[in-house]
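Let's take a walk through a protein structure together. Have the picture ready to turn as you read.

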Amino acid sequence: MNTAVDSKRTLKNDGLLFLIVLLVAFTIWIFFYMRKEDGTKVIIWYKSEVYKIVPLSKNDRIEFDQDGETNVIVIKDGEVYMETANCPDQICVQHRHIRYSGESIVCLPHRLVVEIESEDEKTKEKEVDIVAQ
Amino acid sequence: MKMKKQKKKKWISWHSREKIAVGGLMTALAFIFSYVEILIPFPIPIPGVKLGLANLVIVTALYVIGVKEAVYLSIVRICLVALTFGNISMMMFSLSGCIMSLAVMIVLKKSEVFTISGVSLAGGVMHNVGQLFMAMLVLHNRSIMYYIPLLLVCGAVTGQIIGVISKVICRHLGYAKKAEKCNADMEK
């Protein structure tokens, strides 16, 4: 009567599923970790278009304002973080500071993405483009 | 083997009027759970990670009432929650996650390879993956991909918690139904 499909086999499968998910997550994480390198520039995307590109090495304070949607992005000692934002969920403000290439802070309500990239990655991509042509 | 299958189907049998009443009850419950979740912030400061209390109702409904009802229930719940507490973009994210997780949960439930907690775990993981895909579509930015490992683990943990709770709920609903039937038979 109770949980009709509960047998030892299915319970074991449950545990296996959990382990598989953990394993997959770990492999992807390792993959990203291996590719981790120091970034050189900060790219700010607004509605899938590049809004601004600034170097990561210089301390800076960028005030973003678009139709009353404000975000203040601070670059300090090679780290980037969102100081304030007037978005409803404040996830971007609570996000930890980012410093490596590929990391990003996303403010979904404002469609704003702050991304760190390294110079090498960009040139690599260009090379690939040239080869593709 | 055939006997066994029939037994499984008769786990809890509802009349259609009962289905309507329980469906309405569960919709209200899912709605309230979504609200409660907004009120109580989840103690882990990872963006976008929630316990998904409302999914407790969806998973339970999937097993107790039926597949079709669970689908209706989650769509109604998402529309209600988005219109009262959120906005259209929130609805898009919820819908994509919900469709992904429901599809996987229905397939896994049919396959009978996993118990409720396993199905719920897969649902939780796919919910996060669906939302991430939606975010990638909206932002046209692949850097969000870096969240995938974290979201996979969080989805698995929250899904497992929800699954274990709903397993208990399902069992007790089964007992309640049985007792009710006994009482009805006694009155006859």
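We'll look at the overall build of chain B, then at some cysteines.

Before anything else, keep in mind that this is a predicted model. Now find chain B. What does its secondary structure come to? You'll count 7 helices and 0 strands. If you trace chain B along its sequence, the pattern reads α-α-α-α-α-α-α.

How do those parts sit together? Take the contacts in chain B between residues at least 6 apart in sequence: 73% of them join residues at least 24 apart. Chain B has 188 residues, and 44% of them count as buried. On the outside, chain B exposes about 10,300 Å², and 71% of that comes from carbon and sulfur atoms.

Next, the cysteines. How many disulfides does a search of the whole structure find? Over all chains, the search turns up 0. Cys87(A) makes a nice case to check: its nearest cysteine sulfur belongs to Cys107(A) and is 3.6 Å away. A disulfide needs the two sulfur atoms within 2.5 Å, so a pair beyond that cut-off doesn't count. Cys87(A) is therefore in no disulfide. Is Cys87(A) buried or exposed? With 4% relative accessibility, Cys87(A) counts as buried, because buried means under 20%.

Now hop over to chain B and find Cys170(B). Why is there no bond here? The closest cysteine sulfur is in Cys98(B), and at 18 Å from the sulfur of Cys170(B) it's too far for one. Cys170(B) is tucked away as well: its relative accessible area is 0%, so this cysteine is buried.

Terms used
Residues numbered from 1 in each chain as written. Chains lettered and ligands numbered in written order. Predicted model: local features only at pLDDT ≥ 70, side-chain atom pairs only at ≥ 80, totals over all residues. Heavy atoms only, no water. Buried < 20%, exposed > 50% of the residue type's maximum accessible area, 1.4 Å probe, protein only. Helix = DSSP H or I, 4+ residues; strand = E, 2+ residues; numbered from the N terminus. Contact = heavy atoms within 4.5 Å. Areas by Shrake-Rupley, 256 points an atom, 1.4 Å probe, with all protein chains shown as cover.
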